[in-house]
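Grab a coffee and work through these exercises with the structure open beside you. Try each task before reading its solution.

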Amino acid sequence: MPSTMKLAPLALAALFAVHANAAEQVVKIGVSGPLSGANAFAGKDNENGVRLAVEELNAQKLQVGGNTIRFELQSEDDGGDPKQGVNVAQKFADAGVKFVLGPYNSGVAIPASRVYNDNGILMSTVGTNPKITQSGYPTVFRIVASDTQVGASVASYAAKELKVKNVGVIDDRTAFGQGIAMEFKRQAQGVGMKVAGHEFTTDKASDFAAILTALKAKRVDAVFYGGYAPQAAPMARQMKQLGLNVPLLGGDTLCSPEMAKLGGPAVGENVRCAQAGAILARQPGGPAFLAAYKQRFKREPDVYAPSFYDQTKFIAQAMKSANSLDPAKVGQAMHSIGYQGVVGTYGYDPKGNLKKTAVTVYTFKNGALTPLASY
């Protein structure tokens, strides 16, 4: 009898150990983006992309290191503001978040990336400014094309398809707007276009009459705008009012349903924008993603929900490949393996840029984005 009493606690401990090994392990996934302000539509869309991926991953009950992984989403509003974005990064660090999707804005991503790097957090951003990855942080990834790639595509399209000879450039002085405007300008001059003028505004402005009038006087064939949809849409309206009937060109931020919503009839085939990634509806997993997103959120996705969805799934695959939840090891795996997502194939160079990515030029027809060409 005494020997049985001694064995019972050991057997009980072994039983608990078995349960502990099979227990759920929570992995916090942070999302940093503008959930307030003019770009809140984009921040919410990005969050939705991560949320959909997290819900699907949790249903799969992934096993890493002998444990079942359960992802928990923690979303924070960075307001598109660099200072607020740094505060969000520190908040995630204090909360033990090790994987962050975002920020959305380049101006937020550049300073926030240092905080994430210093705290051993893996950051995945759609910020396109080349400076984001120039620091060489091993766990910072850009999940879309950079300004260099997008600027080259828009310049090539404008020269070859639109036969633009004389272009005007406007930027909103943000890290994103200025970065993509300068890249477009450089690439445009490289293919023989003349940059007739470079005007400046802000990401809070609503009146563009003076700068548009100045460009009209220079007889430009097109206007390239480095900035966001909440300014680009009224800019398109004011171009029409001033009789500046030339194409409005831009990067990914103009490839948003918000452009048509805010600009109404003024946003049509006059707008040409370039977005990273292949044409979603034509990709093998594209239609299924579109259907799942619409069923879950009762709306169509905006620009980057598919990219955030893909990267969340890629992170999970890298965890399995590394058999680890350590961001450094997961990051190493992401540098060495590839992932086929719904909007393209992901594979990263040593600096965290995509090795290869398609860029698609779109316009608007009857208020809907319509693809024109892929590069």
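**Exercise 1: the cores**

The largest nonpolar core in this predicted model has 98 residues, and Phe71, Phe184, Val223, Met259 and Met334 are the ones with the most contacts inside it. Find the element that gives this core its largest share, then look for another core.

*Solution.* Start with helix H12, residues 305-322: the largest share of the core comes from there, with 8 residues. Now look apart from this core, and you'll find another one of 14 residues, including Val97, Val100, Ala109 and Ile132.

**Exercise 2: around Val223**

List what Val223 touches, leaving out residues up to four places away in sequence.

*Solution.* Going up in residue number, begin with Gly168 and Ile170, then add Leu215. Next come Met239, Leu244 and Val246. Pro247, Leu248 and Leu249 finish the list for Val223.

**Exercise 3: the sheet**

Work out the strand order of the open sheet of 7 strands, and say which strands sit at its edges.

*Solution.* Step across the sheet and you read E8-E7-E9-E10-E11-E14-E15, with mixed pairing. The edges are strand E8 (194-200) and strand E15 (368-374), since each pairs on one side only. From one strand to the next, the twist averages 25°. Then check what lies across the sheet: helix H8 (residues 209-217) crosses strand E7 (166-171), E8 and strand E9 (222-226), and runs at about 165° to E8.

**Exercise 4: the neighbours of E11**

Determine in which sense E11 pairs with E10 and with E14.

*Solution.* Take E10 (residues 248-250) to begin with: it pairs with E11 in the parallel sense over 3 bridges. Here Leu248 stands opposite Val271 of E11. To get from one strand to the other, bring in helix H10 (residues 257-263): E10, H10 and E11 make a right-handed β-α-β unit. Then turn to E14 (residues 359-365), which pairs with E11 (residues 271-276) in the antiparallel sense over 4 bridges. Cys273 has Tyr362 in E14 as its bridge partner.

**Exercise 5: both faces of E11**

Why is E11 largely enclosed by the rest of the structure?

*Solution.* Remember that side chains in a regular strand alternate between the two faces of the sheet. On one side of E11, Val271, Cys273 and Gln275 are buried. On the other, Arg272, Ala274 and Ala276 are buried too. That's 6 of the 6 residues of E11 buried, so the strand is largely enclosed by the rest of the structure.

Notes:
Residues numbered from 1 in each chain as written. Predicted model: local features only at pLDDT ≥ 70, side-chain atom pairs only at ≥ 80, totals over all residues. Heavy atoms only, no water. Core = buried A, V, L, I, M, F, W, Y, C linked by side-chain atoms within 4.5 Å. Buried < 20%, exposed > 50% of the residue type's maximum accessible area, 1.4 Å probe, protein only. Helix = DSSP H or I, 4+ residues; strand = E, 2+ residues; numbered from the N terminus. Contact = heavy atoms within 4.5 Å. Pairing = 2+ DSSP bridges. Axes fitted to C-alpha atoms, helices over the stretch in contact; angles between N-to-C directions. Right-handed = clockwise from strand over helix to strand, strands pointing away.
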